[in-house]
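Some notes on the model follow, as numbered points. They take strand pairing, then aromatic contacts, then the cores.

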Amino acid sequence: MNNQDRTKQILNDFDIQAFQQDLIRWFKDEQRILPWRENQDPYRVWVSEIMLQQTKVDTVIPYFNHFMEKFPDPESLATADEQEVLKAWEGLGYYSRARNLQTAVREVVEEYGGVVPHDPKELGDLKGVGPYTKGAILSIAYDTPEPAVDGNVMRVLSRILHVEDDIAKPKTRKVFEELVRGVISTDDPSSFNQGMMELGALVCTPKTPSCMLCPVQEHCRAFNEGIETTLPVKSSKKKQKKIPYKIVIIENNRGEVLIEQRPNEGLLASLWQYPMIPMKDLGQESAKIWFEDQYGLEVEWGQKLENIKHVFSHLIWEMEVVKAHIINGELDHERARFVSKEELNDYPFPVSHQKAHKHTSL
């Protein structure tokens, strides 16, 4: 059975119009006051949606306000230095989001005169604009009845419509996109999609949904069957890989601190960090040899300062922060430099290395 036929089967005997009305009425009455909801500016909607991916609303609000002060329109973001953009993003994580956003906004300025395209194909072809972000911009900013399906929406609909497909599998998103196309309001798609997002954030939460407060409870098949806490079906992720590192805090005789820029591609691309020694196959002495080979500096280990554990979605960095003293040599590393402690604040660092900042004052 294809997704369209299955959608018809699932939505059989479901009161779509009443569901739309109850959801939209609740959203308009109860929605949170959020800065990106002040208007339907597609650029603001776009920035907020990129920031909100894998980040909580309360965390995003000050970042969004600061970002909009610095880059209030597509033109200002398009012409900004990438390091300035990464600095404004510092602490939000998943920095490829910021780089992709700037790349896409530059294309909007060059190809579309600074106007975010409302054509689904043109919008979806922009860097970093996946099906969810495309649907969110089109529905919220342009009132186009497009699905915006993320984990929140799949959880809500899996309960309301009693769908047992595994939401961890990529193909399941297509099922829910078809279902949203079947139930979305064509009169007010903006409020409908935002209502679905808001319902998932405030009421239909992952572990203990507040069913007694739910504005669409009477439409919810899972609640009626008493299985709301067993949905959605979600298979477990693969175990995260642990990688040991030594973070090295080194000062020269002028009191400047050694930092380096990460490669332009890959994890945390273009951000700055303190030198990191991969310790998986190294002992304390061989780590010194590795460091001299990479940086041209012969060092002696000083005091251990702390252990830092940083969790990514797919791996865990287990980092020992140590002080080191230069014995001999000259810095020889194309992406590393000594900077004053005051200048450290000008460089965008990932959260994992921000935790080590305090040790530069020792």
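1. The model is a predicted one. Strand 1 and strand 6 pair in the parallel sense, and ten bridges hold the pairing. Lysine 241 has leucine 315 of strand 6 opposite it.

2. Strand 6 also pairs with strand 5 (residues 297–311), here antiparallel and over twelve bridges. Within this pairing, valine 322 of strand 6 stands opposite lysine 304. Strands 5 and 6 make a hairpin, with three residues between them.

3. A three-stranded sheet is open, with the order 3-2-7 and antiparallel pairing. Its edges are strand 3 and strand 7, each of which pairs on one side only. Strand 2 (residues 257–261) is joined to strand 3 by two bridges, and the two run antiparallel. Tryptophan 272, in strand 3, is the bridge partner of glutamine 261.

4. On aromatic contacts, the model has eleven aromatic pairs. One of them is formed by tyrosine 245 and tryptophan 317, whose ring centres are 5.5 Å apart; the planes stand at 70 degrees, so the pair is edge-to-face. An angle over 60 degrees is what earns that label. Because tyrosine 245 lies in strand 1 (residues 241–250) and tryptophan 317 in strand 6 (residues 315–329), the pair ties together parts that are 72 residues apart in sequence. Tyrosine 245 is buried at a relative accessible area of 17%, and tryptophan 317 is buried at 2%.

5. How are the rings of tyrosine 274 and phenylalanine 349 arranged as an aromatic pair? They are tilted, with 40 degrees between the planes and 5.4 Å from centre to centre. Neither residue is in a strand or helix: tyrosine 274 sits in the loop between strand 3 (272–273) and strand 4 (276–278), and phenylalanine 349 in the loop between strand 7 (336–339) and helix 15 (351–354), so their pairing ties together parts that are 75 residues apart in sequence. Both tyrosine 274 and phenylalanine 349 are buried.

6. Two further ring contacts deserve a line. Phe14, Phe19 and Phe192 are linked into a cluster by ring pairs. Lysine 246 lies over the face of tryptophan 301, at 5.1 Å from the ring centre.

7. Which residues touch the most other members of the largest nonpolar core? That core has 64 residues, and the answer is Tyr43, Trp46, Phe67, Trp89, Leu101, Tyr274 and Trp317. Helix 3 (residues 42–52) gives the most to this core, namely seven residues. Another core lies apart from it and has 33 residues, including Phe19, Leu23, Met154 and Ile184. Phe19 thus belongs to this second core and to the phenylalanine cluster. In soluble globular proteins, nonpolar side chains tend to be buried together.

8. Histidine 359 is worth inspecting. Histidine 359 lies in the segment after helix 15. Its relative accessibility is 7%, so histidine 359 counts as buried, the limit being under 20%. The side chain of histidine 359 makes a polar contact of 2.9 Å with that of glutamate 306. Apart from neighbours within four places in sequence, histidine 359 is in contact with Ile249, Leu305, Glu306, Val321 and Lys323.

Terms used:
Residues numbered from 1 in each chain as written. Predicted model: local features only at pLDDT ≥ 70, side-chain atom pairs only at ≥ 80, totals over all residues. Heavy atoms only, no water. Phe/Tyr/Trp six-rings, centres within 6.5 Å; stacked < 30°, edge-to-face > 60°. Helix = DSSP H or I, 4+ residues; strand = E, 2+ residues; numbered from the N terminus. Buried < 20%, exposed > 50% of the residue type's maximum accessible area, 1.4 Å probe, protein only. Lys NZ or Arg CZ within 6 Å of the ring centre and 35° of its normal. Core = buried A, V, L, I, M, F, W, Y, C linked by side-chain atoms within 4.5 Å. Pairing = 2+ DSSP bridges. Polar contact = N/O pair within 3.5 Å; in protein donor to acceptor, adjacent residues only side chain to side chain. Contact = heavy atoms within 4.5 Å.
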